[in-house]
Amino acid sequence: MKESTYRGNDRICPPDGLPQNRHGIQAEMRAEMEKIRKAGLVCCSNGLSSKTKDEWKTLTDLLESQGIHPVFSEYIFQKDGVRSGSARERAESLMSFYQDTEIDAIFDLSGGDIANEILPFLDFAGIAGARNSFGEPKQFWGYSDLTVILNAVYAKAGNPGVLYQIRHLAYADSENLFDFSYHFLQGNQMSGVVVGGNIRCLLKLAGTQYFPDMQDKILLLEARSGRMPQMITYFSQLQQLGVLEKLHGILLGTFTQLEQEQTEDELEQLVLQLAGKIPVAKTQEIGHAPDAKAITIGSWMNFTES
């Protein structure tokens with residue numbers, strides 16, 4: 001099976017009609033990371049356990065070593081059950097970092113289940129107009145349940161963001177953070193704006209104003225938990241929503257529990273069955289693993305078999 005590599009410095013231009021400032025390619029996102037000097041750190045999903053407070057000195061040192069000064073939200077640790085603050089408080093904290101022109105990027109440290117409850121309290125017009133200290137659109141970084149925020153921000157504000165957990169930077173090669181290998185299960189080329197992320201979390205947006213337009217998109221899907229019955233449910237829902245027939249391609253990331261149980265081949269067969277003639281590619285480098293790579297949501301990308 002032939003492996004290809006998507007490199008962050010592959011400067012393939014999107015077609016006319018996709019402005020660079022809204023659909024920047026991976027190289028531009030890597031360049032954005034190199035510019036980050038001050039970052040806001042938030043928890044829009046489940047608050048973190050107070051037992052992890054000692055870890056934040058390590059994270060602070062790590063970011064400082066990359067030339068990034070972290071500014072922590074006051075809503076990081078659990079206060080009310082799994083919440084670090086109310087939905088409104090967490091949304092206002094996030095918006096304060098969008099509004100602060102000294103903040104170059106926003107890193108979400110959380111994951112879990114409750115990110116979607118903050119969506120009604122976000123000012124998407126304000127997010128669309130938010131700029132970093134270089135006068136460029138401000139990017140949100142997160143993974144897992146933050147799939148909800150990344151796709152809502154793209155759908156409502158037109159801004160790309162980064163599917164990546166910044167806490168994993170300790171395991172990563174920051175120079176090649178946006179480079180990842182892939183191979184095709186079906187077809188040999190696909191291009192389009194990438195949307196999606198964690199499949200369970202993406203489907204929370206189905207039927208809402210925050211679900212992205214899937215026409216001509218490349219749909220990235222990955223999962224940490226879930227066996228085949230759950231995957232059959234999720235992919236059937238995507239089919240019944242009319243999503244699959246609109247796509248230019250599907251990019252499968254890692255499905256951690258299926259891989260642990262050695263049933264991932266069943267998933268690939270299911271996807272090929274439902275995809276029809278749509279190109280389908282697979283990468284082992286995007287997902288929940290600590291050494292996972294980053295990918296931009298809301299960015300035009302081209303995938304071609306080498």
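When I say two residues touch, I mean that they have heavy atoms within 4.5 Å of each other. With that in hand, take Met231, and remember that we're looking at a predicted model. Leaving out residues up to four places away in sequence, Met231 touches Ile199, Ala223, Ser225, Gly226, Phe255, Leu258, Leu267 and Leu270.

Okay, so what does Met231 belong to? The largest nonpolar core has 75 residues, and Met231 is listed with Phe140, Ile199, Phe235 and Phe303 as having the most contacts inside it. Which helix gives the most to this core? That's α5, with seven residues. Apart from this core lies another one, of 24 residues, and Leu48, Leu63, Leu169 and Leu177 are among them. As background, nonpolar side chains in soluble globular proteins tend to be buried together.

Let's stay with α5 for a moment. It runs over residues 147-157, and nine of its eleven residues are buried, so the rest of the structure largely encloses it. The buried ones are Thr147, Val148, Ile149, Leu150, Asn151, Ala152, Val153, Tyr154 and Ala157. Right after the helix, Gly158 has a positive phi of about 80°. On the other flank, in the loop between β5 and α5, you'll find Ser144. Its phi is also positive, near 60°, and Ser144 isn't a glycine. Is Ser144 buried or exposed? Buried, at 9% relative accessible area.

Now over to α7, where Met231 sits. This helix covers residues 228-240, and its first and last C-alpha atoms are 18 Å apart, close to the 18 Å expected at 1.5 Å a residue. Its buried residues are Met228, Met231, Tyr234, Phe235 and Leu238. They take up an arc of only 120° around the axis, which means they're on the same side of α7. Flip to the other side and you get Pro229 and Gln240, both exposed. What covers that buried face? The cover includes α6, β9, β10, α8 and α9. Gly242 follows α7, and its phi is positive too, near 80°.

Between α8 and α9 there's a loop with Gln262 in it. Gln262 has a positive phi, near 55°, again without being a glycine. Gln262 is exposed, with a relative accessible area of 75%. In that loop we also find Glu261, whose partner Arg227 is in the loop between β9 and α7, 34 residues apart. Their side chains meet in a salt bridge, 2.9 Å from N to O. Arg227 is partly exposed at 44%, and Glu261 is partly exposed at 34%.

How many salt bridges are there in the whole structure? The search finds ten. Another one joins Lys38 and Glu102, at 3.0 Å. Lys38 is in strand β2 and Glu102 is in the loop between α3 and β4, so this pair ties together parts that are 64 residues apart in sequence. Then there's Lys57 with Asp61, whose closest N and O atoms are 2.8 Å apart. Those two are four residues apart in helix α2, so about one helical turn separates them. Lys57 is exposed at 53%, while Asp61 is partly exposed at 38%.

One last stop: Lys79, in the loop between β3 and α3. Lys79 is exposed, at 56% relative accessible area. Its C-alpha is 7.7 Å from that of Gly47, and the two residues are 32 apart along the chain. Not counting residues up to four places away, Lys79 touches Glu74 and Ser84.

Note on methods. Residues numbered from 1 in each chain as written. Predicted model: local features only at pLDDT ≥ 70, side-chain atom pairs only at ≥ 80, totals over all residues. Heavy atoms only, no water. Buried < 20%, exposed > 50% of the residue type's maximum accessible area, 1.4 Å probe, protein only. Core = buried A, V, L, I, M, F, W, Y, C linked by side-chain atoms within 4.5 Å. Expected span 1.5 Å × (residues − 1). Arc of directions from axis to C-beta. Salt bridge = Lys/Arg side-chain N within 4 Å of Asp/Glu carboxyl O.
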